[in-house]
Amino acid sequence: MPPHPLLDFSRTSSVSVEARLDRIGRIFAAFRSQDSGCVSYGVRLADGERWFVKEAVTRDARRSLDRARAFHQAVRHPAIVPQVHRIALRDGWAVVMPWRDGEVLYHPAVHGSADRTAPGSAMARFRALPLPLVVRAFERILSAHLAVEDSGHVAVDFYDGSLLYDFAARTMHLVDLDEYRPGPFVLEEERLPGSTRFMAPEEFVRGAAIDIRTTVFTLGRAARLLLDSGDRERAWRGGAARLAVVERAARAEPGQRFASVREFARAWRAAGGS
């Protein structure tokens, strides 16, 4: 079998990743202004295969991609877009993932914040979907985090920029989970990376324990924000029983939350049938 032009290519030092991709296919998308410290490309090969290639261009981004390799080796779930290959660069890595159709619900850009409430934005259109579709999308997120929990990992830097929704296929994908790590662990910095809208109080406290209850908080916040028709958390669409579950998941005191993602998932499903 002839070598694969991308997956059997493991090192480049003389040309840039972009130049190499131009040689083996056609770059049909480029993402150069993200705040992650990465530059990413969508590339179509001659046989029609489409791939997503992400290159770390800062020291922090290189550290994240190193961490992400261990996460993707440990966790498999249909919703989580996997890293399937790495390319060694002169001073870091680029990673290769299957291309998934869809739109990221929030684009974190270097130059300011996007407006989640703009009528044409992906988030506004997602929130306007019929409620069963939104619930199904969240439950796919929840299912993926059962696999995360089973692997012994905890969520870090999960937010709506990690959510890629395919409006045509009505399917949710999870991307850029590069900061997920084995847990529990003790926070050794002033704070963890992430969006304050999704982060638990302990993620801002040096010396705090970060464990699966932190992930429960993040998932509770995700549900609260995705099942609201606006951005001010005044128009919850999921019913009183589900809201009570979400509010417990996102309590400030870790001991008052659900003790695991699995316990949260059971309560969520029970509330949906009540």
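This passage walks through the sheet, the nonpolar cores and the ring contacts of a predicted model.

Let's start with the sheet. Five strands make it up, lined up in the order β1-β2-β3-β5-β4 with antiparallel pairing, and the sheet is open. At its edges stand β1 and β4 (85-89); each has a single partner strand, so one side of each is left without a neighbour in the sheet. From one strand to the next, the twist averages 25°. Zooming in on one pairing, β1 and strand β2 (residues 38-45) run antiparallel and are joined by six bridges. One residue to look for here is A30, whose bridge partner in β2 is Y41. A helix comes into this picture too: α1 (residues 17-24) lies across β1, β2, β3, β4 and β5 (92-98), and runs at about 140° to β1.

Next come the nonpolar cores. As a general background, nonpolar side chains in soluble globular proteins tend to be buried together. In this model, the largest nonpolar core has 57 residues, and F138 and L174 are the ones with the most contacts inside it. Several elements chip in with at least two residues each: α3, α4 (131-150), β8, β9 (171-174), α5 (212-226), α6 (240-249) and α7 (261-272). The top contributor to this core is α4, which gives 11 residues. To see what F138 is up to, leave aside residues up to four places away in sequence: F138 then touches L219, A222, A223, L226, L227, F264 and W268. There is also a second, separate core, with 15 residues that include V17, Y41, L45 and V53. Y41, then, turns up both in this second core and as the bridge partner of A30.

Now for the rings. A search of the whole structure turns up eight aromatic pairs. One of them is F31 with F52, a tilted pair with 6.2 Å centre to centre and 50° between the planes. F31 sits in strand β1 (residues 25-31) and F52 in strand β3 (residues 50-56), so this pair ties together parts that are 21 residues apart in sequence. How open are these two rings' residues to the outside? F31 has 25% relative accessibility and counts as partly exposed, whereas F52, at 19%, counts as buried because the cut-off for buried is under 20%. Both also belong to a cluster in which ring pairs link F28, F31, F52 and W99.

Another pair, F126 with Y165, is edge-to-face, with 5.0 Å centre to centre and 75° between the planes. This pair links distant parts of the chain, since F126 is in helix α3 (residues 122-127) and Y165 in strand β8 (residues 163-166), 39 residues apart. F126 counts as buried at 0% relative accessibility, and Y165 counts as buried at 1%.

Charged side chains get in on the act as well. R125 lies over the face of F167, 4.4 Å from the ring centre. The charged end of R242 sits over the ring of W268, at 5.2 Å from its centre; W268 is also among the residues that F138 touches.

Finally, a quick look at R269, which is found in helix α7. With 46% relative accessibility, R269 counts as partly exposed. R269 and A259 are 10 residues apart in sequence, and 16 Å separates them in space, C-alpha to C-alpha.

Terms used
Residues numbered from 1 in each chain as written. Predicted model: local features only at pLDDT ≥ 70, side-chain atom pairs only at ≥ 80, totals over all residues. Heavy atoms only, no water. Phe/Tyr/Trp six-rings, centres within 6.5 Å; stacked < 30°, edge-to-face > 60°. Helix = DSSP H or I, 4+ residues; strand = E, 2+ residues; numbered from the N terminus. Buried < 20%, exposed > 50% of the residue type's maximum accessible area, 1.4 Å probe, protein only. Lys NZ or Arg CZ within 6 Å of the ring centre and 35° of its normal. Core = buried A, V, L, I, M, F, W, Y, C linked by side-chain atoms within 4.5 Å. Contact = heavy atoms within 4.5 Å. Pairing = 2+ DSSP bridges. Axes fitted to C-alpha atoms, helices over the stretch in contact; angles between N-to-C directions.
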